[in-house]
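This report introduces a molecular structure to a reader who has not met it before. Please keep the sequence and the structure at hand while reading.

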Amino acid sequence: MVGEAMDLLAHAGVPLEDQMLTWREMAGKPISKLDDDAFTRVRVILMNALELDAMRLQDFGARSEAELRLSLACVRRIEQHQATAVSWMLSADHSALEATVACEQVAVELTAAIAQHEPDPYLAQVYRFGLLENLDRLYRYAALLDRLEGKDANNILQGYTDIVPGRPTAETHRAPRDDLRRASAPGARLVSRLHMILVAAAAHRARDYYMTVGPAFADPVARELYAEIASCGEQHATQYGALLAPGQSFLESWLLHEAAEVYAYLSCARSESNPRIRAIWERFCDYELGQLQHVGGLMRRHEHRDPAEVLAHGLPAPLEFRSQRDFVREVLGEEVHLRARECGFIDHGAESAESLDYRRRVNAHGSPSTQVALSYHWTAGTELNRPRPPS
Amino acid sequence: MNPADITVSRLARRRARAGGAGFNRTGAQTSPLALRSMQSYADEQAALPLPADGAARGIAAVRLAHAREAGEVGSVPMPGAITAAFTVVAAHLEGDAPELLVDKLGERLAWARSSVRLYQALMDKMAALAATAPAQPLQAAELRPLRDEALEHMHIAASALDSLGADSSALTPSAAISALVTNGVMQVLTDPRTTLHQCLEAILTVELADESSWELLMRLAETAGQEELLRHFHRAFRHDHAHVQKLKHWRDLLVLGAPGH
């Protein structure tokens, strides 16, 4: 493991050829839904998102980078095993809807933490804009969890994240043009590039997870809600993906991604309360360092570039894994009225005709996110715990 | 489908259409020749005769290995502030029984909350059926008292936990596991394709388990010297006993009383 303000390239990590997991290790003892801190689950979901994103990037790289295919296959193999080991940490007593609530908690807390540490004002605004939409989705899913399964979402959130409406989901359906944010400059700071990778990875995972579990629900209300919010997930994947600077070489993208994985595992290990899980974060951090070294070597051989050009300044301060409630409430109070138009943000009422038309058409048969949460007011112990009006 | 079986399947399809049902393709009788061929080929390909429990040993070994390291689902949230009632309970119940009482009350609370939502889903289904098939042996309004009594059971369990100084908003281990059981029933009741008969069978399993659990809680309350809790638990038990009788009655009417449902 490594110390503060680390020079990534100075740490060898575990050599790629020594990185191995058995099936028993991949399907290890899961976390406890009851006894583990909610932020342990947040870290599990985030790291699963990042590993899946790594696999996706490496899959696309293999399509065009013929000379790198063997390296990509070798690294992707262990990334996939790591992804399995992390994903399997979620215990089977999480219902799909509970896991969904946890997924939105990741989005709200991670995006809020990153928004506060993002040095680029435009990027920080993009993150603040997005987190209010995740907050609303959390509220809608909490309503469904209460009204379908009779469960209190706070059993998952553990008091860290509010359950209130954000920017109404029914009003966030935009034409694709209005989800395309301005791409960052090629010379963006390392901290900004790492933030983009993390937030984009989380958005992709949410979209894909909702598309996977949505059809497993029998209830048509749940099926429609997941269809709607999976589409919102696609919007966020587009929004955050657009921030990444185009034109960089595949190897630079790959190197940055490995750096993001080191950064995230390091941050997880620093804050992890479960010692058994912390050991896994530390082990995987060392694996990512080994993968980073491997990719750095590829960059030297194939592009004749020093990876220090990209990673010169070392990692920023670790990610914060704690409640961002005060910041989220502040943003909610000040920015819930904002909408998006092309790469900018405007007031409610100034949206493009294209987005308004898209929204009218996609909501033509009703808005599941509105219907599921009609009069929903989160109450500890579920709505059923609210005092009954006198008869 | 195997072409050699087409004659059989056409016959089955004609019979199915005449009865107004679809054509279920899952059984071996829909493709007897293909199945005969599959079975004989599978038998030929088996390299060695399988021991009778060969597959079971492999699966059991993996399960055993994991069970040794698994630990527990989670811990029971015991009272933060010990109440007089809890002191009496702890004095009367031996070993882990006080913890079990809190765990089982948490389970009843979660079960009751789910039951309210399940009955609501069933009432929604009844409203939909009333529009398309009005002649049902029960109406949605007849389910309302069962739903309302489930809500009352939720409050009974919550109040019992509060009286013991426990946190009624916490999820106990048995509550977490019981949710896995009711999840399947929830899927049945909310599926727009399921029939009233299928739904009644599903919710009957919930009520049978509920009745049995309140009976257990009555015995714990009695042993713990908690007369007031016993009185409330007995009320819940009586309700559930009546629910079981009603659900069986409606189910029997559907199965034995009228054709074509």
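The following paragraphs treat the contact between the chains, two helices of chain A, and two residues with positive phi.

**Contact between the chains**

The structure is a predicted model. In it, 21 residues of chain A are in contact with 27 residues of chain B. On the side of chain A that touches chain B, the largest share comes from helix H5 (residues 121-149) of chain A, which supplies three residues. By character, the residues on this side of chain A comprise nine charged, six polar and six nonpolar.

**Helix H5 and helix H12**

Helix H5 of chain A also meets helix H12 (residues 325-335) of chain A. How do the axes of H5(A) and H12(A) cross? They come within 10 Å and cross at roughly 100°. Angles of 65 to 115 degrees count as roughly perpendicular, and H5(A) and H12(A) are therefore roughly perpendicular to each other. From H5(A), the residues in this contact are A:Arg128, A:Leu131, A:Leu132 and A:Leu135. Their partners in H12(A) are A:Val328, A:Val331, A:Leu332 and A:Glu335. The contact of H5(A) with H12(A) holds six nonpolar and two charged residues, with no polar ones.

**Helix H8**

Helix H8 of chain A covers residues 220-241, 22 residues in total. At 1.5 Å a residue, H8(A) should span 32 Å, and the end C-alpha atoms lie 31 Å apart, which agrees with that expectation. Several residues of H8(A) are buried, among them A:Ala222, A:Leu225, A:Ile229, A:Cys232, A:His236 and A:Tyr240. What covers the buried residues of H8(A)? The cover includes H5, helix H7 (190-213) and helix H14 (368-372) of chain A.

**Two residues after helix H14**

The segment after H14 of chain A contains A:Ser375, and A:Thr382 is found in the segment after H14 of chain A as well. Each is a residue other than glycine with a positive phi, as the table shows.

| Residue | Phi | C-beta neighbours inside 10 Å |
|---|---|---|
| A:Ser375 | near 60° | 6 C-beta neighbours |
| A:Thr382 | near 80° | 25 C-beta neighbours |

Are these residues buried or exposed? A residue is exposed if 12 or fewer other C-beta atoms lie within 10 Å of its own, and buried if 20 or more do. A:Ser375 counts as exposed because it has 6 such neighbours, whereas A:Thr382 counts as buried because it has 25.

How values were computed: Residues numbered from 1 in each chain as written. Chains lettered and ligands numbered in written order. Predicted model: local features only at pLDDT ≥ 70, side-chain atom pairs only at ≥ 80, totals over all residues. Contact = placed C-beta atoms within 7 Å. Helix = DSSP H or I, 4+ residues; strand = E, 2+ residues; numbered from the N terminus. Nonpolar A, V, L, I, M, F, W, Y, C, P; charged D, E, K, R; others polar. Expected span 1.5 Å × (residues − 1). Axes fitted to C-alpha atoms, helices over the stretch in contact; angles between N-to-C directions. Parallel < 35°, antiparallel > 145°, perpendicular 65-115°, else oblique.
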